[in-house]
Amino acid sequence: MKSFNGSNPHLSVFFSVCRSASKERREESERTKWALVMLEFAPICIYLVISPLVSLIPLGVPFPFASNSSTYPEKLSAYECGSDPSGDARSRFDIRFYPVPILFVIPDPEVTFSFPWAVPPNKIDLFGPWSMMAFLLILMIGSLYEWKRGASDRE
Amino acid sequence: MIIDSVEVETINSFSKLELLKEVYGLISILPILTLLLGITIEVLVIVWLEREISASIQQRIGPEYAGPLGLLQAIADGTKLLLKEDILPSRGDISLFSIGPSIAVISVLLSFLVIPLGYHFVLADLSIGVFLWIAISSIAPIGLLMAGYSSNNKYSFSGGLRAAAQSISYEIPLTFFVLAISLLSNSSSTVDIVEAQSKYGFFGWNIWRQPIGFLVFLISSLAECERLPFDLLEAEEELVAGYQTEYSGIKYGLFYLVSYLNLLVSSLFVTVLYLGGWNLSIPYISFFDFFQMNKAVGILEMTMGIFITLTKAYLFLFISITIRWTLPRMRMDQLLNLGWKFLLPISLGNLLLTTSSQLVSL
């Protein structure tokens, strides 16, 4: 409850009232939990509005100052060290870049699911770490197989 | 428990007003604008610092014409880029071309929300702070891919693919080491992680509990920022600048900004995760025994916190910049081998070691 440090005695009274008895009170406590989460994430939402503005507004600034490039159409063509661009840019790419994101897909959720496991200090006793070790072992076997088969080789 | 319903109604309505006032106070834009101003000033400082340090390493004089000691050099560069023409490639995808750098900038700017400069001095004290940074830093490769693809240039496309492959390859060891820190501190909140390092002063820093983690985090964050020795994308096809080739003007400036902002975020996270954040770290001496005043302690504490965090972060900036100008570049396959075949097993081994040490102490 860090976001309520130094906060309101009225708010704490409000919440303690909420925790008692009836069903409307339980719905209200659901709503207050929602309100808590929203308060915690509110700066992110504001920031998500402000930072696109910060990055997109400078894109409009050159318009009054810049020159027109329709006088020199070579400016707009693709750069190939001075010669004319040969062929279309999107015909082919090296196939060895294709497995890298695919091999990323597995460890990424592996580590994401490890985050809730890492946090609670004593509540998962001995069963917790060992079950996580089993999960990591299964995924490690997959990674070993992929290494031996050379899926991440040569690039 | 029987409560009079009228009493409850009055309490509810009164505290709803208070709640509204608190919400309105919390979402005021002023802290965010302060943060953006602080970030801008820091980027200017970092650009100047890089040019001065690189000049010293190469035994020449750095910027000296733009303002006293060349301090306004970054402003001069930024203004020049702002006034240049925005060239859009003729057969490229214009909307993706424009959005690519913006996505990279947004993802890096969002990471500043969870960096604590003091105990109550963090914009968004989430309980999943470091995880937010990890998740958002995974969005940046999308912007780079968009930039490379939409340029309609073979070299840009190849550079963009390599940039994305490099970024995602080094995310996984990075995340595993952050996970190990979370294990040690029993929390994913950045404020809790710094607090967990405050007990024994200098010896309580996480760098002593996770020395391998510190080194690998440094390497992985340099790779994430695409700085030397992992610089392949900017200087590979040496004349052609990778995914930034077709960019000019302020969009190129945005990529430049992303590079330095990413470096700053990584340095601040090294400070928070491994070096004890805002703590003064002289063992067994409480800072406030020196000062007897009670009223001004709050502001003093805040100022000292900011100063200490920035000092530690600038230490890492210095190390990163020095590494850039001394080490040679790695090849792409060496880079990916390092990420997948060396750092990933080390990160898993470290996680195993940390878990067993936590189990032993249980």
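Reader: Hey, how many helices and strands does chain A have?
Author: Chain A comes to 5 helices and 0 strands. Along the sequence, its pattern reads α-α-α-α-α. Keep in mind that this is a predicted model.

Reader: OK, and what about chain B, how many helices and strands there?
Author: Chain B has 14 helices and 0 strands.

Reader: How much of chain A is buried?
Author: Of the 155 residues in chain A, 30% are buried. For chain B, with its 362 residues, the buried share is 57%.

Reader: And which share of the contacts in chain B comes from residues 24 or more positions apart?
Author: That would be 81%, counting contacts in chain B with a separation of 6 or more. In chain A, 37% of the contacts between residues at least 6 apart in sequence join residues at least 24 apart.

Reader: What about surface, how much does each chain expose?
Author: Chain A exposes about 10300 Å², and carbon and sulfur atoms supply 65% of that. For chain B the accessible surface is about 15700 Å², with 69% belonging to carbon and sulfur atoms.

Reader: Is there a nonpolar patch on the surface, and which residues form it?
Author: There is one made of A:Phe93, A:Ile95, A:Tyr98 and A:Ile102, which together have about 440 Å² of accessible area. A:Tyr98 sits in the loop between helix H2 (23–60) and helix H3 (99–105) of chain A.

Reader: Let's go inside. Which residues touch the most other members in the largest nonpolar core?
Author: That core has 103 residues, and the ones touching the most other members are A:Tyr47, B:Phe112, B:Phe217, B:Phe269 and B:Leu273. Apart from it lies another core of 8 residues, including B:Phe97, B:Leu144, B:Ala147 and B:Phe255.

Reader: Why would nonpolar side chains be found together like that?
Author: As a general tendency, nonpolar side chains in soluble globular proteins tend to be buried together.

Reader: Back to B:Phe269. What is it in contact with?
Author: If you leave aside neighbours within four places in sequence, B:Phe269 contacts B:Ser111, B:Val114, B:Ile115, B:Val130, B:Trp133, B:Thr190, B:Phe217 and B:Tyr274. B:Phe269 also belongs to an aromatic cluster, together with B:Trp133, B:Phe214, B:Phe217, B:Tyr274 and B:Phe316.

Reader: Speaking of aromatics, how many aromatic pairs are there over all chains?
Author: Searching the whole structure gives 10 aromatic pairs. One of them is A:Phe115 with B:Phe131, a tilted pair at 4.7 Å centre to centre and 45° between the planes.

Reader: Where do those two sit?
Author: This pair crosses between chains: A:Phe115 is in helix H4 (residues 107–118) of chain A, and B:Phe131 is in helix H5 (residues 129–137) of chain B.

Reader: Is A:Phe115 buried or exposed?
Author: A:Phe115 counts as buried, because its relative accessibility is 4% and the cut-off for buried is under 20%.

Reader: Now B:Phe214 and B:Phe316, why is that pair edge-to-face?
Author: Their ring centres are 5.6 Å apart and the planes are at 75°, so the pair is edge-to-face; the label applies to planes over 60 degrees apart. The two residues are 102 residues apart, with B:Phe214 in helix H10 (residues 211–224) and B:Phe316 in helix H13 (residues 297–326) of chain B. B:Phe214 counts as buried at 12% relative accessibility, and so does B:Phe316 at 5%.

Reader: New topic: where is B:Met146?
Author: B:Met146 is in helix H6 (residues 140–150) of chain B. Setting aside neighbours within four places in sequence, B:Met146 is in contact with B:Leu96, B:Ile99, B:Gly100 and B:Ile103. Its C-alpha atom is separated by 32 Å from that of B:Pro31, 115 residues apart along the chain.

Reader: What's the phi of B:Gln59?
Author: B:Gln59 has a positive phi of about 55°, although it is not a glycine. Most residues other than glycine have a negative phi.

Reader: Where is B:Gln59, and is it buried or exposed?
Author: B:Gln59 lies in the loop between helix H2 (30–57) and helix H3 (73–82) of chain B. With a relative accessible area of 74%, B:Gln59 is exposed.

Reader: And what about B:Leu69?
Author: B:Leu69 has a positive phi too, near 60°. B:Leu69 is in the loop between H2 and H3 of chain B, and is exposed, with a relative accessible area of 64%.

Key
Residues are numbered from 1 along each chain as its sequence is written. Chains are lettered from A and ligands numbered from 1 in the order in which they are written. This is a predicted model: local features need pLDDT of at least 70, side-chain atom pairs count only at pLDDT 80 or more; totals for chains, interfaces and linings use all residues. Side-chain values use heavy atoms; hydrogens and water are left out. A nonpolar core is a set of buried Ala, Val, Leu, Ile, Met, Phe, Trp, Tyr and Cys residues joined through side-chain atoms within 4.5 Å. Buried means under 20% relative accessible area, exposed over 50%, partly exposed in between (1.4 Å probe, protein chains only). Contact means heavy atoms within 4.5 Å. Patches are made of residues with over 30% relative accessible area and no salt bridge: like charges are joined within 9 Å, nonpolar side chains (Val, Leu, Ile, Met, Phe, Trp, Tyr) within 5 Å. Accessible areas come from the Shrake-Rupley method with a 1.4 Å probe; for residues, only the protein chains shown count as cover. A salt bridge is a side-chain nitrogen of Lys or Arg within 4 Å of a carboxyl oxygen of Asp or Glu. Helices (H or I, at least four residues) and strands (E, at least two) are DSSP runs, numbered from the N terminus. Rings of Phe, Tyr and Trp (its six-membered ring) pair if their centres lie within 6.5 Å; planes under 30 degrees apart count as stacked, over 60 as edge-to-face and the rest as tilted.
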